Structures are given as structure tokens and as C-alpha cells.
Amino acid sequence: MRNPIADKVAGIKPSGIRKFFDIVSEMKDAISLGVGEPDFDTPWHIRDEGIYSLEKGRTFYTSNAGLKELRQEISNYIKRKQGVFYEPLKEVLITVGGSEAIDMGLRAMVNPGDEVLIPQPSYVSYEPCAILAGAKPVIINLKAENEFRLTAEELEEAITEKTKILILPFPNNPTGAIMERKDLEAIAEVILKHDLFVLSDEIYSELTYKEKHVSIVEIPGMRERTILINGFSKAYAMTGWRLGYACGPELIIQQMTKLHQFAIMCAPTTSQYAAVEALKNGDDDVLEMRTAYNQRRRFLMNAFREMGLECFEPYGAFYVFPCIREFGMTSDEFATRFLEEEKVAVVPGTAFGDCGEGFLRISYAYSLENLKVAIGRLEHFIKKLREEQKGN
Amino acid sequence: MREELLAIIEKNSRIDLKELAVILGVEEADVVSELAALEAEGVICGYHTLIDWEKTSNEKVSALIEVRVAPQRGQGFDNVAERIYRYPEVRSVYLMSGGYDLMVILEGKTLREVSNFVSDKLSTLDAVLSTATHFILKKYKDHGTVISQKKEDEREMITP
């Protein structure tokens with residue numbers, strides 16, 4: 001039999017998280033700090049709208065781009081939050097999670113050989129999506145000393161004649177880094193100079209703890225050349241509903257909609273009805289969850305300080321990204337031993353790019369009670385490692 | 001910090017001061033003085049524990065009583081409310097809008113004890129026009145907490 005698998009697909013590395021997942025799932029009593037989704041349930045009034053839509057028999061397809069009412073609400077929301085207007089019927093596409101929007105955006109814009117700039121550490125799907133779209137992914141290694149922000153110099157250095165798109169993943173998973181207005185202004189200048197486009201993944205936009213999230217589309221000249229991606233998973237604890245969206249210039253959104261139409265048809269109808277309710281009446285829920293995350297973030301940062309574990313203060317998402325270089329182990333070794341000896345799962349930084357070496361992603365999408373137990377074990381583990389080092 | 005502090009201790013009044021300071025991002029001394037101020041101002045009225053008495057051998061009967069009263073000149077409902085809340089078996093008294101005036105939540109050891117209270121003490125007050133007593137059969141949720149239900153974390157252990 002011939003090889004049924006496409007070379008391009010076979011060539012894509014499986015996610016670094018997968019291997020870890022397999023070890024953890026065999027351990028019965030392990031506790032985890034490894035999830036990338038909220039611990040909260042979707043607020044009841046939002047679930048209720050989903051249920052109601054089912055009761056009413058709204059089980060048909062929606063239009064390809066999504067319910068008009070939802071696109072209108074998204075347009076209102078972006079206007080309210082970012083001060084930028086998107087024409088709801090032409091410049092908004094509802095997708096199956098932010099992930100689909102990333103995929104469709106790249107596929108709609110990339111020609112074979114185009115270079116896509118991907119700052120890392122970052123979410124695991126940018127690189128494979130770029131490859132599948134026919135692009136050459138070019139990695140920009142972000143640095144701890146810059147708090148894992150992207151600088152204009154780093155961007156400038158990575159640009160070639162073939163560069164077309166910059167992926168901008170902030171607030172960032174896994175580092176928790178954010179980009180403030182001044183950071184974005186510097187980036188925008190380079191983007192304009194080289195006539196590039198931006199795919200801005202802002203799925204964690206509601207979860208910032210310093211100042212209100214700033215989108216690059218707010219910087220003059222950038223709205224015309226940016227696909228803004230967001231969704232409901234993180235802000236409203238709606239991961240399982242699989243609902244996201246892309247906003248951008250009509251020219252790009254229409255082509256993405258075409259792809260979406262052939263690949264997906266439309267995003268889940270029940271989820272779309274629930275999402276309308278989320279945008280209309282969900283502000284208080286978001287605030288409540290953000291407050292809880294922030295309390296946990298402070299708790300972790302304080303715990304790290306007390307145990308002398310190096311970690312820059314992250315102001316976004318729900319992750320902290322401590323440095324474990326002092327222990328003379330790779331991230332993978334540290335995470336494996338931590339799991340085996342203390343039964344706590346964390347994700348090695350390398351799962352999000354080679355430059356994540358020396359770091360761990362710790363999620364605080366857990367109750368304070370759970371965090372306390374896990375951090376107690378981390379402290380115990382670190383003490384043990386330091387004693388081992390002394391012994392040598 | 002005030003509202004956030006209150007929201008935290010409303011759910012967990014046993015949280016220790018150091019931890020409270022850490023998660024609020026302030027100094028412990030500030031938490032201590034803010035708590036003292038809130039107590040002095042009467043914003044914090046007590047630190048209670050939510051108990052599911054059903055799970056103990058201590059049997060209790062609770063009733064919710066709708067009371068219609070004749071308001072008194074210059075006093076409104078305050079006097080009669082006070083007459084009622086002074087009884088230790090009365091847990092809560094609320095002035096209500098709608099079909100009746102006072103809602104009284106009562107706790108007793110037995111059904112008889114509760115009915116005796118209603119017939120002997122409550123109904124005989126001059127201002128009380130009528131009462132309607134509803135016995136509470138089961139508490140599903142109290143003070144924002146779902147009784148006797150522990151939620152398991154059903155998420156995958158590791159996700160990107």
C-alpha cells in the first residue's frame with residue numbers, strides 16, 4: 001500500500017503537550033496546574049440562553065458568517081472596548097473558536113513561500129497552521145528580560161523580503177505577557193514601514209491586570225492591515241462551546257468567510273445564541289472572574305518570591321512563567337520529576353517553543369485552595385532540589 | 001480594596017490576614033485597619049458559619065412566616081419588627097414589598113415548638129393582623145452556596 005499520509009502533515013511535530021498529557025492521564029492521584037481553560041462554569045444566564053434556543057428548536061444552520069444579531073453585538077463590543085468600528089455584516093466572521101480564525105486567516109492571506117513571523121513562546125497552533133497554509137514560519141524568540149514582550153528591534157531583525165504576516169499573541173499564553181500601547185506603537189511603525197499584515201490573537205483580552213487591554217487595531221493605520229481574533233472561551237468561560245470570531249477589512253474577511261463556508265459551514269448555532277447573551281449581559285461575570293484570577297496571580301507571585309523562584313510579573317491571561325534554570329535541569333526534566341515525585345502536573349515551557357527552555361507554564365485557572373496545595377508541593381520539591389545541589 | 005475585601009470574606013471569613021493582604025496586593029496592616037473600620041461602621045455585622053444541620057444529629061425545623069401587620073403612626077413597622085426579632089428563635093426578619101409586610105424566618109427543635117411560637121407569641125401581638133407559616137422542607141442553596149454538593153474538576157489534566 002502507498003503511504004496514505006501527506007508529507008506536509010507527517011512533517012508536523014505533534015504538540016509537545018501531548019507527551020506530557022499521556023503520562024499525567026495514567027496517574028490517578030496527580031493534581032494539575034496544566035490546563036489552559038477557565039475553572040469557572042459558563043455563567044448560568046448564558047447557558048440558559050443556549051438551552052432556551054434548543055427548546056425553541058433553533059437547531060438549523062446560521063448564515064455562514066454567523067447570526068446577524070451576534071455579529072452586531074461583536075461590533076458593538078469591539079467599539080466599546082477598543083474604540084474601533086467594524087461593519088457587522090461585512091467585517092465580522094464567527095468561527096469555531098479563535099483557533100479556526102487563526103487557521104482561516106493564514107490560509108486566506110498566505111502564498112507559498114511567504115514568511116509568517118511567530119513570536120514564541122506562544123500558543124501551539126500558529127506554527128502548524130502557517131505550514132499547512134503553505135507559509136514558511138519564522139520564529140522570533142522572545143526574551144525574559146523584556147518580560148516576553150515583542151520589541152521593534154526583534155521584529156525588524158526577523159523581517160525579510162518574503163515576510164507577509166506577523167502573528168501577535170498578546171496577552172500571551174504561556175507567558176502571561178502583555179503589550180502596552182507604547183509597545184504596540186513601536187511595532188506598528190515597523191509593520192507600516194515594511195507593508196506587513198498582522199494577525200492579532202486577543203483571546204485573553206479581558207484578562208489583564210495592569211491596565212485595560214490595548215489592541216493593535218487602535219494604533220493609526222493598523223485597522224486596515226490587521227485581523228483581530230477574539231472569542232468567548234476565556235472571557236466568559238465558554239471553551240466547550242467552541243466560539244470565536246475574526247474582525248478585519250472586508251477584503252480579507254470575505255475570503256475567510258468563503259473558506260469557512262466550505263470547511264465549516266457555520267459555527268454552532270446554540271453557542272451563537274448563548275454568545276449574544278454573553279455580550280449583552282456578561283460584563284459583571286467577566287469582572288468577577290478577572291478579580292478572582294488577579295487574586296490568584298498575586299498569591300502565586302508572592303509564593304514564588306517567598307520560595308526565591310525567579311519569575312517576572314505577568315499582567316495577562318491566567319499563566320505565570322517561572323524560570324527554573326537555577327536547578328540545572330531542562331524544563332522537561334523538571335516537569336517530569338515534579339510530576340513523578342510530587343504528583344503535580346505543569347507544562348514545560350518548551351511545549352510553546354524552543355525558547356521556552358528553562359521555564360514552566362503554571363496555570364492559575366484553579367481555586368485558591370487547589371493552588372495552595374500545589375504550591376506547597378512545589379516549595380517542598382524546590383527545597384529538595386536545592387539540597388541535592390548543595391550535596392553535589 | 002473595600003468591596004473586593006468584603007466579597008472575599010463574605011465567602012470565606014476564616015481566610016488568614018496575611019493571605020488576604022497577599023491576594024489583595026496590599027499590606028497586612030492595611031487589611032487589619034480596614035477590617036476594624038468596617039466593623040466599627042457596622043458594615044461587617046458578624047462572622048458566621050454555614051452549617052448543613054441535616055448532616056448532624058441535631059434536628060432543627062425551620063419555617064418561613066409571612067406576617068401582615070398594622071403599621072403604627074410615627075413608627076411604621078419598626079416597633080413590631082423589634083418585638084418580633086427580640087425572640088431568640090427568630091433567625092431573620094425582613095420588611096417586604098408585596099402581599100405581606102414582614103417575613104420572619106424561625107428555627108425551632110420541633111414542629112410543635114414552631115407552631116406554638118406562631119400561635120402563642122406571634123399571632124397574639126396587637127399589631128399582627130395575620131400570619132401564614134411555611135415549613136422549610138429542604139435547603140438546596142443557602143447564602144450563595146449549594147448545600148451538599150461537591151463539584152469535581154472534569155477538565156482534561158493538561159490542555160494547551
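Tutor: Let's start with what a helix axis is here: a line fitted to C-alpha atoms over the stretch in contact, with angles running from 0 to 180 degrees between N-to-C directions. Keep in mind that this is a predicted model.

Student: Okay, so what angle do helix α3 and helix α10 of chain A pack at, and how far apart are their axes?

Tutor: About 145°, with the axes 8 Å apart. Helix α3 of chain A covers residues 44-55, while helix α10 covers 269-281. Because angles are taken between N-to-C directions on a scale from 0 to 180 degrees, a value can pass a right angle. As for the hand, the crossing of α3(A) and α10(A) is right-handed.

Student: Which residues make that contact?

Tutor: On the α3(A) side they are H45(A), I46(A), R47(A), E49(A), G50(A), S53(A) and L54(A). From α10(A) come T270(A), S271(A), Y273(A), A274(A), E277(A), A278(A) and N281(A).

Student: What makes up the contact of α3(A) with α10(A) by class?

Tutor: Five nonpolar, six polar and three charged residues. Gly counts as polar, so G50(A), part of the α3(A) side, goes into the polar group.

Student: Let's move to single residues. Why is D195(A) called exposed?

Tutor: The cut-off for exposed is 12 or fewer other C-beta atoms within 10 Å. D195(A) has 9 such neighbours, so it counts as exposed. It sits in the loop between α8 and β6 (197-201) of chain A, and its phi is positive, about 55°, although it is not a glycine.

Student: And A237(A): buried or exposed?

Tutor: Buried takes 20 or more other C-beta atoms within 10 Å. A237(A) has 23, so it is buried. Its phi is also positive, about 55°, and again the residue is not a glycine. You'll find A237(A) in the loop between β7 (226-231) and β8 (244-247) of chain A.

Student: Then what makes Y100(B) partly exposed?

Tutor: Partly exposed is the range between those cut-offs, 12 or fewer and 20 or more. Y100(B) has 16 other C-beta atoms within 10 Å, so it falls in between. Y100(B) lies in the loop between β2 (90-95) and β3 (102-108) of chain B.

Student: Which residues does Y100(B) touch, leaving aside its neighbours within four places in sequence?

Tutor: E66(B), V67(B) and R68(B). Contact here is a matter of C-beta atoms within 7 Å. V69(B) is 31 residues away from Y100(B) in sequence, with a C-alpha to C-alpha distance of 8.0 Å.

Student: Back to chain A. What omega does the peptide bond between Q120(A) and P121(A) have?

Tutor: About 5°, and the bond is cis. P121(A) has its place in the loop between β3 (115-120) and α6 (126-132) of chain A. A cis peptide bond also joins F170(A) and P171(A), with omega about -5°. P171(A) lies in the loop between β5 (163-168) and α8 (181-193) of chain A.

Student: How do you know that β9(A) pairs with β12 of chain A?

Tutor: Pairing takes at least two bridges. Two bridges join β9(A) to β12 (residues 360-363), so the requirement is met, and the strands run antiparallel. V320(A) stands opposite I362(A) in β12(A).

Student: Why are β9 and β11 of chain A called edge strands?

Tutor: The open sheet has three strands, in the order β9-β12-β11, paired antiparallel. β9 (319-320) and β11 (347-348) each pair on one side only, and that's what puts them at the edges.

Student: How is chain A divided into domains?

Tutor: Domain 1 is 7-42 + 284-385, and domain 2 is 44-281. Their centres, taken over C-alpha atoms, are 25 Å apart. Between them, 35 residues of domain 1 are in contact with 36 residues of domain 2.

Student: Which element gives the most to the side of domain 1 of chain A that touches domain 2?

Tutor: α11(A), with seven residues. By class, that side of domain 1 has 20 nonpolar, eight polar and seven charged residues.

Student: How many residues does each chain bring to the contact between chain B and chain A?

Tutor: 10 residues from chain B and 21 residues from chain A. The chain B side divides into five nonpolar, two polar and three charged. Chain B itself is divided into domain 1 (2-40) and domain 2 (53-137), with 34 Å between the domain centres.

Definitions and conventions: Residues are numbered from 1 along each chain as its sequence is written. Chains are lettered from A and ligands numbered from 1 in the order in which they are written. This is a predicted model: local features need pLDDT of at least 70, side-chain atom pairs count only at pLDDT 80 or more; totals for chains, interfaces and linings use all residues. Helices (H or I, at least four residues) and strands (E, at least two) are DSSP runs, numbered from the N terminus. Two residues are in contact if their C-beta atoms, placed from the backbone, lie within 7 Å. A crossing is left-handed if the near helix is turned anticlockwise from the far one by less than a right angle, and right-handed if clockwise. Domain bounds come from an automatic or database domain assignment.
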